[in-house]
Amino acid sequence: MYTSALFGSTWAQFVLVFTTVILAAIVIVQRWSKTRTDNLPPGPWGLPFLGNVLSIGKNPHLTFMEMAKVYGDVFCVKMGSQRVTVLNGAEVIREALVKQARVFEGRPHLALTNMLTDGQGIVTADCCPKWKEQRRFTLQVLRNLGGGKSNLEAKMMEEIGYLLSAMKDKGSNSFNMDHFLEISVSNVICNVCFGRRFAYNEASFQLLVDSIYRFSEIGTTAAAVNFFPFLRHFPTPELKEVFQIDNAMRKFLHGMIHEHKQTYDPELKRDFIDAYLEEIKRREAECPDQQNFFNEKYLFHIINDLIFAGTETMSSTLRWALLYMIVFQDVQAKVQEELDTVCNGSVPSLKHRSKLPYTEATLMEIQRMANITALSYPHKTTESTELCGYNIPAGETIFVNLYSVHVDPKCWKDPEVFRPERFLDADGNVVTSQPGLMPFSAGRRGCPGESLARMELYLFFTSLFHTFKISSSPDNPSPSIDKHYGISLNPSPFNVCVSER
Ligand code: HEM
C-alpha cells in the first residue's frame, strides 16, 4: 500500500513536472518564434507584472549599458507590462534621432505626465501640428529674446553680479553653492518668461524655486505611476506631493499671466508671455473662425515647461562644473590663465568667447562627463520602422541612453578620464563637430533651449572662475565625483571655499 501510495505520488509529481516543462517549452518556443517572425529586438526575460523593473535598478543608464553588451545596442525591456526599446551608442542614437528624425519624434502617453499636463506644452506633448507650431514659435521667441543677444547677456550679467556678491559675503567660510545656483538660474529663466528677476528672499519666488527642486528630488519616484498606472488609485506620499507642487506652480504662473494681461502694451515686448499674448491676438484677428492653437491654457503649459526644463538642468550642470574644477585644480588654473590673457582685466563676455578655446573645451568636457540627462525624456515611434536590422513597431516607447554616447569607446579614448584637450585640434582650436557629444540630445526633439543654455553656462562659468579661485572645503578635501540618478544626474552635496583673485 505504501509502495503504491508512494508510486502514486511520484507518478503525480512526474506528471506535474513533465507538464510544467512542456508548457514552459511551449511558451519559450512561442516567444522565441514570435521574436523571430516579428524580428523585434532581443532582450532579457521579465517577471510577470513587474517586467525587468527590479533588474534595471537605481541606475538605469548603467544597467542598459551592461545589457547592451549581451543583447547589442538595440534591445527591449519590459517596464511593468509595457515593452520599451532601448537605444545605446552614438551611431544607433544618431541613426534614430537624426536620420530617422520624423519616425522617432513622438512622445509616449505616460500616466503621470498626462495627469499633470494633459498632453499640452512642449516637453511631454506627442508630435502633432499643435506641438510643432508651439515648438517653432518658442524657438523663434527664444532666439529673438537672445539676439539682440546683448539684451539677454546684460540680464544674465546682472544676475551673475548678485551671485558673485553673495559668494563674496561668505568670506573665508566654506559653504554649499546649491541654493545660490538654483536661485540664480531660476532668475534667468524667469527673466526670459516674465521680464523680471526676483529678490533672493521674495517669498513667492522662494516657493517657486523650492517647488522646482523638490519636484526633481521626488519626480522619479512618483513617476512609477507611468508604468504602473493602477498606482494612481493608491497614491504614494511622493505622488501626493507632486500634485501639491503642481498646484503651487499653477497659482504662481497663472498669477504672472494675469499680471501681464493687465499691463500688456503692444509697443513693449517685455518677455515670452508678451510675445505669446501678441500671437494669440494676431491669430484671433487673422483667422477668427479657426480653432486657435494659441491660447492661455497652452501658454501656461509652455512657461511651465521652460521653467522646469531650464532650471534644474542648468544648476545641475553648474554644480558639476564647480565640482570638476575643484577636483581638477590644474584645469581650473589653465582656464584662469586663458581668461586673464584674453580678457585682460575686463569682465568676460560673449565677445571674448571665440578667443577662449580651452575654456570652451572645458565646458564641453564637463557636459560630456556630467551626463545630467543620462536618459533623455522618452520618445515614441510615429510609424513602424527598421533599426539595425530589427523591426520597431509604430507607437513603441523608446529610451535613448545619452550616457552611452558620452562614454562610447568608438568616439572617445579613455572616456572615463576628464580631459578638456580632447575637444581641441592640433592648432588648439575647438573641434565643434563631435558625433559623440549630445548633452542636448538631437533631432526634432533636441533641446530648444540649447543656445540659451550654452550662453548661460559660458557666462556663469567664466565669471565665477575669473573672479574666484574655488577649492574644496577642508572638511571634505576630496569630494566624490560619483553620480546619483534622479530627474538629472547629480553629485553628492559638497562645500566650496572661495578666494577673490
Ligand atoms: C544645460 C542645460 C540643458 C540641458 C543639458 C538640456 C537637455 C535637454 C534634453 C536632453 C532634452 C530632451 C531631448 C529629447 O527628448 O531627445 C531637452 C528638452 C527640452 N529642453 Fe533642454 N536642456 C537644457 C536647458 C534648457 C533650457 C535653458 C531650456 C529653456 C529655455 C530648455 C528647454 C527644453 C524644452 C522645452 C525641451 C523639450 C523639447 C521637445 O520635447 O520638443 N532646456 N533638453
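These legends walk through close-up views of a predicted model.

**View 1. Four strands line up in an open sheet.**
Begin with the order of the strands, which reads S1-S2-S7-S4. The pairing in this open sheet is mixed. Strand S1 (74–79) and strand S4 (379–380) stand at the edges with a single partner strand each, so one side of each has no neighbour in the sheet. Helix H3 (residues 60–71) packs on this sheet and touches S1, S2 and strand S7 (397–400). The direction of H3 makes about 125° with that of S1.

**View 2. S1 meets S2.**
How do S1 and S2 pair? Strand S2 covers residues 82–87, and its pairing with S1 is antiparallel, over 6 bridges. To find one of the partnerships yourself, look for valine 74: its bridge partner in S2 is leucine 87.

**View 3. A helix crosses the four-stranded sheet.**
Now turn to helix H4, made of residues 90–99. Which strands does H4 lie across? They are S1, S2, S4 and S7, and H4 runs at about 115° to S2.

**View 4. A shell of residues surrounds the ligand.**
Here you can explore the surroundings of the ligand, where 28 residues form the shell. The closest are Arg107, Arg135, His379, Ser441 and Cys447. Sorted by class, the shell has 16 nonpolar, 9 polar and 3 charged residues. Several helices take part: H6 (129–146), H12 (296–309), H13 (312–327) and H17 (450–467) each supply at least two residues. Which of the helices gives the most to the shell? That is H13, with 3 residues.

**View 5. Polar atoms face oxygen atoms of the ligand.**
Three residues are worth picking out in this view. Arginine 135 has a polar side-chain atom 2.7 Å from an oxygen atom of the ligand. For arginine 445, a polar side-chain atom lies 2.9 Å from a ligand oxygen atom. Isoleucine 122 takes part through its backbone instead: an N or O atom there lies 3.4 Å from an oxygen atom of the ligand.

**View 6. A cysteine holds a place beside the iron atom.**
Which protein atom is a donor of the iron atom of the ligand? The only one is SG of Cys447, at 2.3 Å. To locate cysteine 447 along the chain, look in the loop between helix H16 (402–406) and H17. Cys447 also appears among the closest residues to the ligand.

**View 7. Three strands make another open sheet.**
In this sheet the strand order is S3-S9-S8, and the pairing is antiparallel. Strand S3 (175–176) and strand S8 (468–472) are the edge strands, each pairing on one side only. S3 joins strand S9 (residues 495–500) over 2 bridges, and asparagine 176 has asparagine 495 as its bridge partner in S9.

**View 8. S8 and S9 run side by side, with H13 across them.**
How many bridges join S8 to S9? There are 5, and the two strands run antiparallel. One of the partnerships to look for is isoleucine 470 with valine 498 in S9. H13 lies across both strands, running at about 80° to S8. You have met this helix before: H13 also gives 3 residues to the shell around the ligand.

Methods. Residues numbered from 1 in each chain as written. Predicted model: local features only at pLDDT ≥ 70, side-chain atom pairs only at ≥ 80, totals over all residues. Heavy atoms only, no water. Pairing = 2+ DSSP bridges. Contact = heavy atoms within 4.5 Å. Axes fitted to C-alpha atoms, helices over the stretch in contact; angles between N-to-C directions. Near = heavy atom within 4 Å. Polar contact = N/O pair within 3.5 Å; in protein donor to acceptor, adjacent residues only side chain to side chain. Nonpolar A, V, L, I, M, F, W, Y, C, P; charged D, E, K, R; others polar. Donors = N, O, S within 2.8 Å, 3.2 Å for Na, K, Ca; no water.
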